[in-house]
Amino acid sequence: MAQERLDKLLSSTGRWSRKEVKELVRHGRVRANEVLVARPEDKYDPETTAIQVDGELVDCAPFVYIMLHKPAGLLSATEDKRQKTVLGLLPEYLRRRGLFPVGRLDKDTTGLLLITDDGALAHELLSPKKHVDKVYLAQVEGQVNQEDVDVLAEGMVLGDGTRCLPAGLKPLEDGSRCLVTLREGKYHQVKRMLAARGKPVLTLKRLSMGPLVLDDGLNPGNWRFLTPNERVSLQRAVSRT
Ligand code: URA
């Protein structure tokens with residue numbers, strides 16, 4: 001990545017204003033690769049430089065990528081006048097960056113939600129053309145069977161005329177739980193497809209999005225930054241086509 005001014009890099013994290021960065025530098029509180037930074041306008045490559053403030057490593061990468069285990073009861077939105085949103089689970093300094101969830105999960109759906117400020121990547125991950133599969137675990141009323149598998153694989157047309165792309169369905173155990181794989185994200189899609197088969201969804205959890213798999217060490221409501229490997233694998237997933 002290209003080099004950027006230190007004050008721009010640090011202020012882009014949302015934690016300090018440019019003026020505050022100037023003060024940090026003036027008081028000798030900022031180091032780049034262990035060396036004291038002399039001027040806020042000095043330039044560094046954020047991908048190869050370890051920037052520290054008061055000894056704490058600060059991630060100055062241009063975008064932020066967060067894996068959240070969405071709990072039930074929160075909206076997948078950036079803000080809402082009446083209801084709590086997933087963004088409320090993040091600290092203020094991150095919210096200030098203009099983060100947003102990549103695609104929506106229903107209020108009662110749990111599981112993997114990617115939150116970022118990288119609009120280009122988000123757009124590509126959601127594009128059906130990029131073939132990034134989203135896998136959901138559904139608990140249904142009744143049991144899914146081979147006929148349901150075949151109908152979803154064909155590409156369903158819902159009651160209101162909505163055409164769905166072919167989707168994967170894998171019954172688990174006795175068929176009251178199943179894995180559903182979608183390449184697109186139409187409104188209430190899993191619930192509507194399974195309801196149309198007479199198997200209404202009781203609970204729904206997203207397990208993965210392309211190569212990104214929900215970390216089973218994350219409890220509902222918890223989040224973490226993506227690892228460098230996860231970031232690279234997402235970029236690879238959308239650059240294949
Ligand atoms: N399909 C649904 O029906 N709901 C979700 O939250 C996600 C996919």
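## Rings, bridges and pockets

Me: How many aromatic pairs does the count come to?

Reply: Rings of Phe, Tyr and Trp (its six-membered ring) pair if their centres lie within 6.5 Å. Go by that rule and you end up with one aromatic pair.

Me: How are the rings of W223 and F225 arranged?

Reply: Look at the angle: planes under 30 degrees apart count as stacked, over 60 as edge-to-face and the rest as tilted. The centres of W223 and F225 are 5.3 Å apart with the planes at 90°, so the pair is edge-to-face.

Me: What sort of model is this?

Reply: Residues are numbered from 1 along each chain as its sequence is written, and side-chain values use heavy atoms, with hydrogens and water left out. Local features need pLDDT of at least 70, side-chain atom pairs count only at pLDDT 80 or more, totals for chains, interfaces and linings use all residues, and the model itself is predicted.

Me: What does the relative accessible area make of W223?

Reply: Buried means under 20% relative accessible area, exposed over 50%, and partly exposed is in between (1.4 Å probe, protein chains only). Its ring partner F225, at 36%, is partly exposed. W223 has 24%, so W223 is partly exposed.

Me: Which residue lies over the face of Y93?

Reply: A charge sits over a ring if NZ of Lys or CZ of Arg is within 6 Å of the ring centre and within 35 degrees of the ring normal. Here the distance from the ring centre of Y93 is 5.1 Å, and the residue is R15.

Me: How many salt bridges does the count come to?

Reply: You need a side-chain nitrogen of Lys or Arg within 4 Å of a carboxyl oxygen of Asp or Glu. One example is K8 with E4, whose closest N and O atoms are 3.3 Å apart. By this rule, the count is 20.

Me: Is D42 buried or exposed?

Reply: D42 meets R39 in a salt bridge, 3.0 Å from N to O. R39 has a relative accessible area of 45%, so R39 is partly exposed. D42 has just 17%, so D42 counts as buried.

Me: Is R96 buried or exposed?

Reply: R96 shares a salt bridge with E92, at 3.7 Å from N to O. E92 has 43% relative accessibility and counts as partly exposed. R96 is at 52%, so R96 counts as exposed.

Me: Which residues do salt bridges that share partners join into one network?

Reply: A network comes about here through shared partners. The residues joined this way are E147, D148, R197 and K199.

Me: What is the volume of the largest pocket?

Reply: On a 1 Å grid over the protein atoms alone, a pocket is an open set of points where a 1.4 Å probe fits, with protein on both sides within 12 Å along at least five of seven lines. Grid points are joined across faces, edges and corners, and a volume is the space filled by probe spheres set on the points. For the largest pocket that gives about 500 Å³.

Me: Which residues lining the largest pocket are the closest to its centre?

Reply: Lining residues have an atom within 4 Å of a point. The largest pocket has 25 of them, and the closest to its centre are R104, L105, D106, G185 and K186.

Me: Which element gives the most to the lining of the largest pocket?

Reply: Helices (H or I, at least four residues) and strands (E, at least two) are DSSP runs, numbered from the N terminus. Those giving two or more residues to this lining are β10 (134–140), α6 (189–196) and β13 (201–209). With three residues, the one giving the most is β13.

Me: Which helix gives the most to the lining of the second largest pocket?

Reply: The second largest pocket has a volume of about 360 Å³. Of its 17 lining residues, E47, D59, A61, P62 and R231 are the closest to the centre. Four lining residues come from residues 228–239, which make up helix α7.

Me: What is the phi of H188?

Reply: H188 is in the loop between β12 (177–182) and α6. H188 is not a glycine, yet its phi is positive, at about 50°.

Me: How far apart in space are G155 and L9?

Reply: G155 is in the loop between α5 (146–154) and β11 (168–172). In sequence, G155 and L9 are 146 residues apart. In space, C-alpha to C-alpha, the distance is 47 Å.
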